[in-house]
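Reader: I am new to reading structures, and I learn best from one part at a time. Could you pick a single piece, take me through it slowly, and then show me how it sits in the whole?

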Amino acid sequence: MAQMQWYPGHMAKATREVESRIKLIDIIIELVDARAPRSSMNEAFEPIIKNKPRLIVMTKQDMADAALTSKWVKAFESRGYHAMSVNLRNFNDYNRIIDTCKSILKDQREKQAKRGLKPRAIRAMVIGIPNVGKSTFINALAKRKATVTGNKPGVTKSQQIIKIDKDFELYDTPGILAPKFDDKVTAMNVSLIGSIKKDILPLDDLFIYAIGYLNTHYPQLLKERYDLEFDNDDDWVLPVFDHIAKVRHIPKFKGETNYDRVVELFFKDLYDGLIGRITWEEPHE
Ligand SMILES: Nc1nc2c(ncn2[C@@H]2O[C@H](COP(=O)(O)OP(=O)(O)O)[C@@H](O)[C@H]2O)c(=O)[nH]1
Ligand SMILES: [Mg+2]
């Protein structure tokens, strides 16, 4: 699959910004989408992160398959990452994230204190690909805590520090990572979670991929939403279009099923979360 033109200039600038800020931070909070944790991570960033402590936070757990989310947490942990899942619509989860950051850094800070280094507030930065909840996270915390300061060393005018409490500070500008396009499935997963404009990929392909995946992993969701049941081995593509058009009363176009409208309707349902809780990939272990 062709490499994406994800406004490359903008992305390179964002990467440089993150690189310059990285020295000043104690922990990175990388947000990934619980519905596609592997596809929404960007390991290309790891050389820049180097050995900074990092917490992987899987957002939108309320939209993902709960059993698979637990598996993903374990999979990340077995690879040596700190990981957790959250629903950013639930405010208690913000405290869980901050507390987890503090506990990750506890030993390091105790050692520093023993060496006589003055403890200062932990400084954190949020990174992630588009649509994983970076602004939601930062804005909710900024609203909660009124203290926002810009005059700190290394903090440029356009960036500010949000003081969460006496021990924890957060940059108000997230690091935006480029979405991954390593292969077709990754690109499709990133589209299915809304991190790139879905019309960058051929929409029919994306629709067929999504329906095929749902029929394999969540057939009951297709049954409930579209009264749709079929066998993956059958020649199902056109009959599925026809069926959805029929049950959802999509008028024919020039005597034929209006395929575009079917695809449109499906993606609207999907992005509105009306089909159900779905995770698009499983950890391989
Ligand atoms: N259901 C649900 N929606 C979320 C969650 N986190 C973020 N969102 C929604 O996801 C969309 C993208 O969030 P945004 O913060 O703009 O992502 P950003 O591009 O990373 O800054 C918004 O509509 C949010 O309301 C979550 O945990 N659960
Ligand atoms: Mg944003």
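Author: Between the centres of domain 1 and domain 2, taken over C-alpha atoms, there are 38 Å. Domain 1 covers residues 8–176 and domain 2 covers 202–271, with bounds that come from an automatic or database domain assignment. You are looking at a predicted model, in which local features need pLDDT of at least 70 and side-chain atom pairs count only at pLDDT 80 or more, while totals for chains, interfaces and linings use all residues. Residues are numbered from 1 along each chain as its sequence is written, and chains are lettered from A and ligands numbered from 1 in the order in which they are written.

Let us zoom in on strand β2, residues 54–59. (Helices, H or I, of at least four residues and strands, E, of at least two are DSSP runs numbered from the N terminus.) Is β2 mostly buried or exposed? Of its 6 residues, 5 are buried, so the strand is largely enclosed by the rest of the structure. A residue is called buried if 20 or more other C-beta atoms lie within 10 Å of its own, exposed if 12 or fewer do, and partly exposed in between, with C-beta atoms placed from the backbone.

Now for the neighbours of β2. Strand β1, residues 27–33, pairs with β2 in the parallel sense over 6 bridges; two strands count as paired if DSSP finds at least two bridges between them. One place to find this on your screen is E30, whose bridge partner in β2 is I56. Strand β3, residues 82–85, also runs parallel to β2, and 4 bridges join the two. Here L55 has H82 of β3 as its bridge partner. To get from β2 to β3, the chain passes through helix α3, residues 66–78, in a right-handed β-α-β crossover. Right-handed means that, with the strands pointing away from you, the path from the first strand over the helix to the second runs clockwise.

Follow the chain on from β2 and you meet K60, in the loop between β2 and α3. K60 is not a glycine, yet its phi is positive, about 60°. With 27 other C-beta atoms within 10 Å, K60 counts as buried. Set beside it H249, which lies in the loop between α9 (237–247) and α10. H249 also has a positive phi, near 55°, without being glycine, but H249 is exposed, with 6 other C-beta atoms within 10 Å.

Helix α10, residues 259–271, includes Y259. Y259 is partly exposed because it has 18 C-beta neighbours inside 10 Å. Its C-alpha atom lies 56 Å from that of A121, which is 138 residues away along the chain.

What surrounds ligand 1? Its shell holds 15 residues, the closest being L88, G133, K134, S135 and T136; a residue joins it if its C-beta atom, placed from the backbone, is within 6 Å. Helix α5, residues 134–144, gives the most to this shell, with 3 residues.

Finally, step back to the whole protein chain. It has 10 helices and 8 strands, and its C-alpha atoms fill a box of roughly 75 × 35 × 35 Å along the principal axes. Of its 285 residues, 32% are buried.
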